[in-house]
Structures are given as structure tokens and as C-alpha cells.
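Me: Hey, can you walk me through this structure? I'd like to start with charged side chains.

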Amino acid sequence: MKKNIIAIAGLFILSSCATQQVKRKSETSALNYPKTKKENVNYAHFGTTVQDPYRWLEDDLSTETKAWVKEQNQLTFNYLDKIPFRGEIKKQMTELWNYEKISAPFKRGEWIYFYKNDGLQQHSVLYRKKSENATPEVFLDPNQFSKDGTTSLSSISFSKSGNLAAYQISEGGSDWRKVIIVDTKTKRQVEDTLRDVKFSGISWRGEEGFYYSSYDKPKGSELSAKTNQHKLYFHRLGRPQSQDELIFGGEKTPRRYVGGHVTEDQRFLIISAAQSTSGGELYIQDLKEKNSEIIPILTNFDTNTSVVDTQGDTLYLLTDYQAPNNRLVKVDFQNPKSENWLNIIPEKKEVLSVSTAGGFLFAQYLKDAVSKVEQYNHQGKKIREIELPGLGSAGGFGGKKEEKEVYYSFTNYITPSSIYKFDVISGKTQLYQQPKTNFNPDDYVSEQVFYTSSDGTKVPMTISYKKGLKRNGKNPTILYGYGGFNVSLTPAFNVSRAVWLQNGGIYAVANLRGGGEYGKEWHKAGTQMQKKNVFNDFIAAAEYLQANAYTSPQYTAIDGRSNGGLLVAATELIRPDLFQVALPGVGVLDMLRYHTFTAGAGWAYDYGTAEDSVEMFEYLKSYSPVHNVKKDVCYPATLVLTGDHDDRVVPAHSYKFVSELQDKQKCENPTLIRIETKAGHGAGKPTELIIEEYTDAMSFALDQMGIEDLQK
């Protein structure tokens, strides 16, 4: 077994200046960073004093913070403007992005709806038509919501008849939503807009009204103030929002994420209540009986269980209770406790999720992060395994009980997403929509490898590149990861990565512990006191790529968003010698205070908090990026990415981290921050801003690797 012994030793010895400095044509002198003031702010945990000199940057409303943002952006964009091929990359990105993108259709009432983007529209438009061959009409165009494209459509929900719809809009990327209700026949708004809705679905009960969730508006900044009491409401049409009925949540059940949905047959209200992003309570109410009580199904936070379907009094539940990779069970709703559950689809080695359509169950498995789909009836009899177009990610297989044709998408890292139609009776699949792009998958390779992490764990990674690539250690490489919150990274086409591949780059995605690729145990192995497993897995992925001559430290960039931003920042501090470029985006970077902002307390299942115990505090402090930037170390060239309207992972995380880097960076590798104004955590961002952000990140990475000419 080949192993880079020096690299392994580097896990434990922090090199003072091992990162190779690459001189660039466009800029070789040290940057003159704006002076960020330090304040004497200290706080204590378990007798240990923690310094927090940049606490003032947490105040997003202050004129000082706004001035700091302006100065930092000016420095960053002046720097990016000098990269000679930045304009060419944006041109390539724009040209490849400019193709028609159409979603799978879905039927509501007498209409067939679908989303379409002509190519470079800021947001996809919702169309509808009466029949398959009819001429479509625009139902809802989010491009008309705002002049600059920063107001987006986040979701839409139709009543069972299809005569009414309620849609949510986000302004400036915020998680706070407005809800607008329309008559689908006339497309006209039928009553006043609902406001201050957050972390919510919309689920109709007949045409009386709908269920939604929200918090009371916090005092102070709505972008950063802590939220606590999530509540489930019923909004009855014709009544003002102030009279909405509280169904569940509030002071009696604080610190919950609360959601509610009505089953397809309109019989039951299902209520979920979770303290964190994993595990939760489950309740049911029989809507057939007026004023019926809410019955508990599960009253602990140890398992993840959801209602997939109902048939009469029978509930079909997907659960990881006594099945870390999930199983499907059934139970009578009047006796729903776990001791009465009967297996319908037992647990397998692969992680299971289940959808329904046409009166059937579709078991969607992950086998080494690749999709496998099987069709079952409600008695648990396997009908068939569905032959997919190849190795990749299949999504969809959802529809109403009466529909006999369902749709699914298929994609992988080198294949743009196509839509397929599946006949639930015959099992026949046919291509429904295939995009026309200038990217030819036949010119590229996407291979899966398994590498060994520091503790012997085997970890999968998919490596994509242009055919004919030489393994000479000189290939610009982006290594991407996430490793948290039970999120599975499955193969999907991305225009920005395609442009990277076209220019001779390698794109590698590692399926780290903390994700959901191998079920509950894989997730738990990357949480709390085991969080460093995720960083070690990521480091081992880079070592594998370099040991096998795909690339070398000078040509390696690491990339991640949100929890992945934490991954990138923590890893570049642990092994600065291993990477040339770091791109931490919207990251959770102050691990001692993350739970004090917005809904951050709900992330404690994955991270733990500094208040839990002295051991948890010390563990968090040992890797928290804001608290582990050291003097006299040469860190990789770093471009921190965030949005000033991010109210999920507040931008103060990024502000404080880049301030530490700029203050302590030993060498001339730049440490910059790109702050998107009128943008949040990422969802709903207009196409133009997405292209610009990807262009800047890619240009920065290639420039810092010493690339002078694009290979396309």
C-alpha cells in the first residue's frame, strides 16, 4: 500500500511556511489590507478566557461594519480585475450556461405545469398548458418580481383541486419569506400577503386554507438575531394573518423546528418537531373528525421518521429506528407506536429513501453515492428494478396516485440533467427532455475511486477530467467536500465545473463522513467529538490525488459551502502545506458562537455547543477556524465568499475569519473576502450573480496556481 509518510506526519506538525508561493503576472507585491480594528472583548467558558477582538463585526446594522464591507470588497474586486483571463472565463461560463433548461412536468387540477429557463434568464419561469401538445402560457414569472433579480420564487403549493396556489418569495436571499395566494384561473392575488414566514412549507387543507410555519419576528437585526420558538399555524382564507390559528409549537415546545403537511387523501395532518437537524418527534391528527386530538407517533429525538403515504387508516413510515440505513414500515394510525410497526421494505446495505406515484412505492437507494431505484407495491412485493440511463443521480419518481406516468431526472458530473418518462404499469422508460449544450460528455472521464483515511476508513471519491489528461502532478484541481448534516453528495452536472474541465482542470468530490452516503452511522462518525474525522477524510483525499500524480500542492484548490465552508477553512489551517488555494463559502467559522445567531442552535446535533461540557468546548475550540489562525504561518491563497443578507450562516463568521487571516498571514498569498450584497446563503440567487461568483472563484484559483494561459 502506497502512503505518503511525510504527508501523514504533516497531519500532526503544522508547517510554518510550507505552502508554495506562486508569483503571478498580474500581482506580485504584498496587498495593503484595510486596517480592521481590534477591541478588547473577552468571554469565558469553563474557566477559559476566549478573546473575540472582532466581535463588533457581528453587528450587521452598524455603519462601521458596512464601511468595512465596502473597503474589503473594493480591495477584492480591484485584485480580481487584474487577472488577465477573468473576462475570458466569464465569457466561457456565460456561453455554456446559455442553454434551455426545462423541469419535469407536474399536473395540478386541469393544468400541466413546468419550469423553463431560456438560458440566461435570472430565474426560471413557471409555465402551464392544458395538454401535452398545447401551447404553454406563463403562469408565474419571477423575473418580474424585482428589477435586479434579487427577489426570487422559493416554492409554490397548489390546493388539491388546483384552483388555488400559494407561493413564497425571498427578497435579497433572506430565509424570511412572504406568501402570496392566487386564484389559478385568473392568476390574480386573492387576499393580503402573509409576511414574516420562515423555514416553512405550505400545505393546503381543501380550499379552506393552509398550514405554514414561522417564528415571531426577533428584536434587533432580523438577519442575525437568534430565533427560538418555531410555530405551526393554520391560515384560513378570508381572515387576516393576525387571526391565524396556532396548531403546534411556541412556549410549550421551545427550540423546535416545526412543520406540518396534509396527506394526499386530505385525511391526516402530519406534524414534525425537531430540536436539531437530525431526529425529531412525529404527531398525527385525523382531519376527518372535527376538533380531533393530536396523537403522538414518536416523542423522542433519537430517530428520523416521516410519513410517506397513507391508505385508509394505514400509515407508511420511512424510519431509521432500528435500521440505520432506513426501512419502510406500516402501522394503524390509532395504534401508531413503534412496537406495532410492520416491515414493508426491510433495511438493506444501501441507504433507502421512498417516494410514491401511480399507487406504487419507489425505493431509491444510494450505492456508493450512485442511484439505484426499485418499484414496489404497498404489500412490499418488488415489481422491478428500474434500468437507469447510466451511473449517476436519479431524482423524482413522485406523483399523484391516479397518475400512471411519472417523471425522473438523471445526471452525473459530466452529463447535463435530462428528464425521462416512466410508465408505472409496463415499466417502460423513454427520454422526455434532453438539453442541447455545447458540452460533450464523450470527451470526459468521471471515475470513482476509494481511498484510505487516516484511521483506515475507506472513503469514495469521484474524479472527473478531460480524456487524454496526463498524470504529471501539474493539473489544476478543485477538491470539493461537505461532510455533514446527513447530506449526500451525489453526481450532478454543474456548468461552472464543466468550464473548469474544459480548461484542463480536474474536479474531485469526496464523500466524507458526516454525510448521508452510508446511512446514520456514517453521519454520526462525522459529528460532535468525531468531527475531525471529516477533516482527516478531506486531507486524505488531497493526499490521494497528489500521491497518484493527478495534481500536486501547487495546483490543488479546496472548495466548500456552508458546513463545507467550515471544512475548507479548518482544513487549510490544519494542513496549509497541502493546498495552494482555499475557497470557503458562507461557512460556519466561529464554532464557539454559531448557536447564538438566527436558528444556529439547531445545528447542535452535528457540532455540539461550547456550553455542553468542558470537553465539547475544548474540542470545538481546537478546530474553530476563527480561533486557530496562527502567526508566522504561510496559509494558502484564500478567497472567502459570503453574502451580506445571509441569515442562515451570518456573514460575521466570514468577516471574523478573514480578519484573523489578514492580520496573521506570513507570506504574500492573498487573503481576500468577496461579499455579495443583496444575497443570502445561496438559494434564489439570480443567474448573473451566480456566473460572476463562479467566474471570480475560478479565476482566483487558476491565477494563484500560476496558470498564465487557458487550455481551452
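Reply: Sure. A salt bridge here is a side-chain nitrogen of Lys or Arg within 4 Å of a carboxyl oxygen of Asp or Glu. This is a predicted model, where local features need pLDDT of at least 70 and side-chain atom pairs count only at pLDDT 80 or more, while totals for chains, interfaces and linings use all residues. Residues are numbered from 1 along each chain as its sequence is written, and side-chain values use heavy atoms, with hydrogens and water left out.

Me: OK, how many salt bridges does that rule give?

Reply: The count comes to 44.

Me: Show me one. Which residue does Lys91 pair with?

Reply: Lys91 meets Glu95, at 2.9 Å from N to O. Both sit in helix α3, four residues apart, about one turn of the helix. Helices are DSSP runs of H or I with at least four residues, strands are E runs of at least two, and both are numbered from the N terminus.

Me: Are those two buried or exposed?

Reply: In between. Lys91 is partly exposed at 45% relative accessible area, and Glu95 is partly exposed at 39%. Buried means under 20%, exposed over 50%, and partly exposed in between (1.4 Å probe, protein chains only).

Me: So which residues of α3 are buried?

Reply: Arg86, Ile89, Gln92, Met93, Leu96 and Trp97. They cover an arc of only 125 degrees around the axis, so they are on the same side of α3. That arc is taken from the directions from the helix axis to the C-beta atoms.

Me: What covers them?

Reply: The cover includes α2 (63-81), β3 (101-102), α4 (495-502) and α11 (687-704). Contact here means heavy atoms within 4.5 Å.

Me: Back to salt bridges. Where do Arg267 and Asp313 sit?

Reply: Their side chains meet at 2.9 Å, N to O. Arg267 is in the loop between β17 (257-262) and β18 (268-274), and Asp313 is in the loop between β21 (305-311) and β22 (314-319), so the pair links distant parts of the chain, 46 residues apart. Arg267 is buried at 12%, whereas Asp313 is partly exposed at 28%.

Me: Switching topic: what's the strand order in the open sheet of four strands?

Reply: It runs β13-β14-β15-β16, with antiparallel pairing. Strands count as paired if DSSP finds at least two bridges between them. β13 (203-205) and β16 (245-249) are the edges, each with a single partner strand, so one side of each has no neighbour in the sheet.

Me: And how many bridges join β15 and β16?

Reply: Four, in the antiparallel sense. Phe234, for example, has Glu245 in β16 as its bridge partner.
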